[in-house]
Amino acid sequence: MNPARWPLPASAEATANIAMVKYWGKRDAALNLPAADSVAVCLDSFPTRVDVTPCAAAEDEVWWSGRPVPPPRIGRFLRVLAILREQSGCRSAVRADVRSQIPDAVGLAGSSAAMAAFALAASTAMGVELSPRELSITARLGSGSASRSVPGGFVRWHRGHQEDGSDSYAEEFASAAHWPDLRLLAVIVSREPKAVSSTVGMIRTARTAPLYPMFVEQCGRLAADAQAAIASRDFDWLARTAELSAQTMHGVCLTARPPILYVRPLTVELVEHVTELSRTLPLFFTLDAGPNPFLVTLAPHDETVAAEVARAFPDVEILRCGVGGGVRIVA
Ligand code: PMV
């Protein structure tokens, strides 16, 4: 390899993934190694695009929606670039431009898409060829859940056991075509950035929440259940498993010191309404580290679910998605 040739411009796109069994807690914070396995669905809509270009400045730059990403947030991107530089020998600075169609920092998993697209665009720009497993590991170093936006479809992120994280990566266990009727609706009740980032929330929960060991212990079992429920397209089983995972994640956050409460009054009303609707419709909710629930249903009921939610909550925004994704190079 001739390092002087690199970097070249490269662009990639990825979509967010929504965990059915949550990742909450790290066995190694520096390497973003999770305390347990998690299972997620990659979305087919609202891609995030990252353009990486050579940069005349002395230092790397990362821009998000036209604004420079400040410290400490830029640190995650720089960590990925440092690893790639070790592999490529490329020393010149790069500029990355992130354009996300997902509202930022509202718990809609926007960072998972951005970091997956960034890992592919930056590795391509620097001439580093990575296998899908290596790419998932590289994206993980920037943001844990980004490891799951690399493969697409239905994915499982392995906790792994190696200290260097070489066996902690995400892989597809069923393609998007396996369950084409599955539909996800993001319900945006608030666009306020969350007060406690997921990293801070995870560390505080692990250190102070008395129920945390129980939560971690349960994750492995729930991940196996979610994978089996998806493999057999058993909606009710997936619903029970995913709601329990989200409920226990938020429950354990509430037992942290000081308590972490990601939901807002409107979130609670919505969850109650969805629970009521789920008596007559295939429907369940999940919640990441924010107030905005994701609803999961089956086509053709997504129209009805969206209409019912819009009727009861006229001020919320609803984004509708199917299953898809998988990071890719774009022109
Ligand atoms: O990878 P992070 O730091 O964005 O953490 C994601 C945590 C949750 O979204 C709450 C759960 C998950 O598994 O995606």
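These legends accompany several close-up views of one predicted chain. The model is predicted, so local features need pLDDT of at least 70 and side-chain atom pairs count only at pLDDT 80 or more, while totals for chains, interfaces and linings use all residues. Residues are numbered from 1 along each chain as its sequence is written, and side-chain values use heavy atoms, with hydrogens and water left out.

**View 1. The whole chain holds eight helices and 16 strands.** Helices (H or I, at least four residues) and strands (E, at least two) are DSSP runs, numbered from the N terminus. Along its principal axes, the C-alpha trace spans about 60 × 40 × 35 Å. The radius of gyration is 19 Å, which agrees with the value near 20 Å for a compact globule of 331 residues; it is taken over C-alpha atoms, and the globule rule is 2.2 Å times the number of residues to the power 0.38. Buried residues account for 55% of the 331, where buried means under 20% relative accessible area, exposed over 50%, and partly exposed in between (1.4 Å probe, protein chains only). Contact means heavy atoms within 4.5 Å; among contacts between residues at least 6 apart in sequence, 77% join residues at least 24 apart.

**View 2. Four strands form an open sheet in the order β2-β5-β10-β11, with antiparallel pairing.** Two strands pair if DSSP finds at least two bridges between them. At the edges sit β2 (17–21) and β11 (170–174), each pairing on one side only. On average, neighbouring strands of this sheet are turned by 35° against each other, direction ignored. Axes here are lines fitted to C-alpha atoms, for helices over the stretch in contact, and angles run from 0 to 180 degrees between N-to-C directions. Four bridges join β2 to β5 (residues 38–42), and these two run antiparallel; N17 stands opposite C42 in β5. Helix α5 (residues 212–231) packs on the sheet, touching β2, β5, β10 (154–157) and β11, and its direction makes about 160° with that of β10.

**View 3. Helices α1 (residues 74–88) and α3 (residues 132–142) pack at about 140°, with their axes 7 Å apart.** From α1, the contact draws on R76, R79, V80, I83 and L84, and from α3 on T138, L141 and G142. Also in α3 is S136, which counts as buried because its relative accessibility is 0%. Setting aside residues up to four places away in sequence, S136 touches S147, V150, Y169 and A170.

**View 4. Y23 lies in the loop between β2 and β3 (26–28).** With 10% relative accessibility, Y23 counts as buried. Leaving aside neighbours within four places in sequence, Y23 is in contact with N32, P34, S38, G144, S145, R148, W157 and M202. One of these partners, N32, belongs to the loop between β3 and β4 (33–34). Phi of N32 is near 50°, a positive value in a residue other than glycine, and N32 is buried at 4% relative accessibility.

**View 5. Two cis peptide bonds each lead into a proline.** The bond from R257 to P258 has omega near -15°, and P258 lies in the loop between α6 (235–254) and α7 (265–277). The bond joining A299 and P300 has omega of about 10°; P300 is in the loop between β14 (293–298) and α8 (302–312).
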